[in-house]
Amino acid sequence: MTADPVPIAQALIRCRSVTPADDGALDVVQRFLEPLGFACTRLVFGPDDYRVDNLFARRGTEGPHFCYAGHTDVVPPGDVAAWRDDPFSATIRDGVLYGRGACDMKGGVAAFLAGLADFLAAHPAHKGSVSLLITGDEEARSVDGTAKVLEWMQANGQIPDMALVGEPTSRLALGDTIKIGRRGSLNAWVTVDGVQGHSAYPAGADNPIHRLVAALGPLLAAPLDNGSAHFPPSTLQVTGFDVGNRTSNVIPATAKAMLNIRFNDHHSSAQLVERLHAAFRASGARYTLRTECSGESFLTEPGPFVDGLSRAIARATGVTPKLDTGGGTSDARFIARYCPVAEFGAVGATPHQVDERAPVEELRRLADTYRVILEEFLI
């Protein structure tokens with residue numbers, strides 16, 4: 001390979017781009033892309049106290065249109081004293097690059113840029129077009145980043161035919177896993193109202209804890225489903241329970257619980273919200289329920305796009321990837337509304353950890369794999 005992702009990754013890591021700060025990270029990407037013939041558009045969204053910088057860049061206008069999606073924002077480093085080096089120094093030691101974002105996912109963005117440069121050097125007259133959607137709002141709210149850029153892309157005729165998100169999906173060895181879907185995530189906050197009273201005279205009170213437990217019992221006892229062709233069973237977890245009562249002989253006036261449901265393609269968030277309402281109505285509780293869905297489940301069915309990715313990854317790495325839908329959410333959940341999408345990237349061993357890191361040679365192998373992926377679809 002002629003383009004090296006390592007200095008690109010170092011330049012990105014040295015930008016202290018903790019969400020929503022950019023600190024020059026997108027400038028690094030744009031300065032790399034413009035000499036390669038990319039038209040770059042900077043898109044800024046969000047309120048004045050939480051402005052998010054995003055970048056859309058495209059080379060070519062014809063189809064097929066291949067889009068690479070990623071993010072340059074990172075989570076806070078935490079206890080800086082616990083790091084061996086400054087988390088934004090991008091130190092290389094014993095063949096390993098250290099720094100916040102080395103794994104998730106500045107290293108991946110750098111690898112794609114290097115692989116893209118090598119692809120264009122070898123195939124300047126390739127078919128179709130290549131674009132990049134790089135956001136600064138993936139690690140936090142995920143409101144003013146990819147979702148808003150996609151709305152702009154649709155309004156301006158820039159929706160791709162396929163998209164690859166460069167999250168660190170590989171588990172043990174580069175190339176062993178492609179994410180073709182993700183579970184949905186639904187959070188719920190419920191408050192059950194009762195009548196406060198003395199625990200010795202329960203007839204004069206209405207215990208909200210009993211009613212809350214009566215509603216939660218059936219929800220927890222019966223499985224939501226038994227899984228589907230590409231997903232494990234959906235799960236419901238009680239993540240919080242509070243009555244605000246420190247006195248043992250008082251029946252409290254209210255009881256509250258927090259729930260999180262990770263759901264597969266058997267469900268929609270609307271169906272699950274109704275299931276919660278039904279359980280609380282059946283308990284006879286007087287309750288209020290607030291819900292928030294951070295993303296519906298999605299699946300890119302195996303077919304030409306997924307098959308092509310698998311072939312390219314196997315050819316580049318010598319590893320046949322497994323198709324997977326595990327883990328949390330990613331920005332792929334927004335892209336799935338518009339086009340087929342999958343996720344593939346480095347080994348996700350240290351994201352968000354102290355001394356986050358990526359082996360230098362793995363970044364170079366990832367860059368070469370991205371080059372081969374581009375050849376699969378654009379040659």
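**A buried aspartate, a threonine and a surface patch**

D104 is buried (under 20% relative accessible area, 1.4 Å probe, protein chains only), yet D104 has no salt bridge (a side-chain nitrogen of Lys or Arg within 4 Å of a carboxyl oxygen of Asp or Glu). The nearest side chain of opposite charge, R100, is 8.1 Å away, with Lys and Arg counted as positive, Asp and Glu as negative, and His and the chain ends left uncounted. Keep in mind that this is a predicted model: local features need pLDDT of at least 70, side-chain atom pairs count only at pLDDT 80 or more, and totals for chains, interfaces and linings use all residues. Residues are numbered from 1 along each chain, and side-chain values use heavy atoms, leaving out hydrogens and water.

So what does the side chain of D104 join in a polar contact? It's the side chain of H352, at 3.1 Å; such a contact is a pair of N or O atoms within 3.5 Å, one able to donate a hydrogen and the other to accept it, and residues adjacent in sequence count only if both atoms are side-chain atoms. D104 sits in the loop between β5 (96-98) and α3 (106-122).

Now hop over to T177, in strand β8 (residues 177-179). At 2% relative accessibility, T177 counts as buried. Its side chain makes a polar contact of 3.0 Å with the side chain of D176. T177 and L323 are 146 residues apart in sequence, but 6.0 Å apart in space, C-alpha to C-alpha.

Finally, look at L220 in helix α5: at 47% relative accessibility, L220 counts as partly exposed.

Note on methods:
Helix = DSSP H or I, 4+ residues; strand = E, 2+ residues; numbered from the N terminus. Buried < 20%, exposed > 50% of the residue type's maximum accessible area, 1.4 Å probe, protein only.
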